[in-house]
Amino acid sequence: MTLEVENLSVHYGGVSAVRSVSFTVPPGGCLGIIGANGAGKTSTLKAVLGLVPRTVTALRLEGRDLTRVKARDMVRQGIGYVPEGRHVFAGLTVEKNLLLGAYAKPWNAETRRHLHDVFTLFPVLGEMRTRLAGALSGGQQQMLAIGRALMSRPTLLLLDEPSMGLSPKLVEEILAALQRLSADGLSMLLVEQNAKLTFEATDTCLVVENGTVAMSGASSALRHDARVRKVYLGL
């Protein structure tokens, strides 16, 4: 589904974290937002969900106005969220973590099919379905966090720093999973510090600096643009 965001701003007290940011995630498309620490990436993502105070001219999902929708109701609008830091329920099994992701949906054959789809996407989760989530490695917990978000059957998936703290090998596995989801037609908004992952996983990208969009364009072009090194890396 299409996500349209116009003039999104976030203020923490007297501090302006995001200033008049606008973007569109097209149906089945993947938009990336990259930038250094403190650039406003996570604040932008949380503002879309209504998790932080915001002002916005327009926030629409497939034409539906979401500006007054509570954060807790966003999942019912078709938005899945993978938070920074995973936030899995350590004392629950892998399977119960996943089933919690489907809390807004009825337990039926479709839910069981989605659980099977998650285990197909991340086979290791199927192998560890009875293991406590707290016993998983960081990479396995990240897979679990993504799988949990997918259990709500989203039409739009928001991901915040999914590569954080992962080894290069696990980053490649996460990248492969995101590319597969994109190929299946799931719209995604990806916030990352890992520019390489973002450019490979997304169609278009925003480079943010000090809460504003410094650059935007096709990911394939931006990855080779010398200006990105200057804005993003300070070189």
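Leu100 is partly exposed because its relative accessibility is 38% (buried means under 20% relative accessible area, exposed over 50%, and partly exposed in between, with a 1.4 Å probe and protein chains only). Leu100 sits in helix 2, residues 94-100 (helices are DSSP runs of H or I with at least four residues, strands are runs of E with at least two, and both are numbered from the N terminus). The model is a predicted one, in which local features need pLDDT of at least 70 and side-chain atom pairs count only at pLDDT 80 or more, while totals for chains, interfaces and linings use all residues. Residues are numbered from 1 along each chain as its sequence is written, and side-chain values use heavy atoms, with hydrogens and water left out.

**Surface patch**

- Together with Phe89 and Leu92, Leu100 makes a nonpolar surface patch of about 240 Å².
- Patches are made of residues with over 30% relative accessible area and no salt bridge; like charges are joined within 9 Å, and nonpolar side chains (Val, Leu, Ile, Met, Phe, Trp, Tyr) within 5 Å.
- The accessible areas come from the Shrake-Rupley method with a 1.4 Å probe, and for residues only the protein chains shown count as cover.

**Strand 3 and its neighbours**

- Strand 3 covers residues 30-34, and 5 of its 5 residues are buried.
- Cys30, Gly32 and Ile34 are buried on one side of strand 3, and Leu31 and Ile33 are buried on the other.
- Strand 3 runs parallel to strand 8 (residues 187-192), and 5 bridges join the two (strands pair if DSSP finds at least two bridges between them).
- Cys30 has Met188 of strand 8 as its bridge partner.
- Strand 3 also runs parallel to strand 9 (residues 204-209), here with 4 bridges.
- Within that second pairing, Gly32 stands opposite Cys205.

**The antiparallel sheet**

- An open sheet is formed by 4 strands in the order 2-1-4-5, with antiparallel pairing.
- Its edge strands are strand 2 and strand 5 (64-65), each of which pairs on one side only.
- Strand 1 (residues 3-12) and strand 2 (residues 15-25) are antiparallel and share 7 bridges.
- Two positions help to trace this pairing: Leu8 stands opposite Val21 of strand 2, and His11 has Ser16 of strand 2 as its bridge partner.
- Strands 1 and 2 form a hairpin with 2 residues between them, and Gly13 in the turn has a positive phi of about 65°.

**Largest pocket**

- The largest pocket has a volume of about 460 Å³.
- Its lining counts 19 residues, and Val75, Tyr81, Tyr103, Arg148 and Ala149 are those nearest its centre.
- Strand 6 (79-82) and helix 5 (138-150) are the elements that give two or more residues to this lining.
- On a 1 Å grid over the protein atoms alone, a pocket is an open set of points with protein on both sides within 12 Å along at least five of seven lines, whereas a cavity is a set where a 1.4 Å probe fits but cannot get out; lining residues have an atom within 4 Å of a point.
- Grid points are joined across faces, edges and corners, and a volume is the space filled by probe spheres set on the points.

**Salt bridges**

- There are 10 salt bridges, each defined as a side-chain nitrogen of Lys or Arg within 4 Å of a carboxyl oxygen of Asp or Glu.
- One of them joins Glu110 and Arg153, at 3.2 Å from N to O.
- Glu110 is in helix 3 (residues 109-121) and Arg153 in the loop between helix 5 and strand 7 (156-160), so this pair ties together parts that are 43 residues apart in sequence.
- Glu110 counts as partly exposed because its relative accessibility is 32%, whereas Arg153, at 16%, counts as buried.
- Lys196 and Glu172 form another salt bridge, at 3.7 Å from N to O.
- That pair links distant parts of the chain, with Lys196 in helix 7 and Glu172 in helix 6 (residues 168-183), 24 residues apart.
- Lys196 is partly exposed at 48% relative accessibility, and Glu172 is partly exposed with a relative accessible area of 41%.
- Lys196 also forms a salt bridge with Glu200, their closest N and O atoms being 2.9 Å apart.
- Both residues, Lys196 and Glu200, lie in helix 7, 4 residues or about one turn of the helix apart.
- Salt bridges with shared partners join Glu172, Lys196, Glu200 and Arg223 into one network.

**Thr202**

- Thr202 lies in the loop between helix 7 (195-201) and strand 9, and counts as buried because its relative accessibility is 8%.
- The C-alpha atoms of Thr202 and Leu156 are 14 Å apart, with the two residues 46 apart along the chain.
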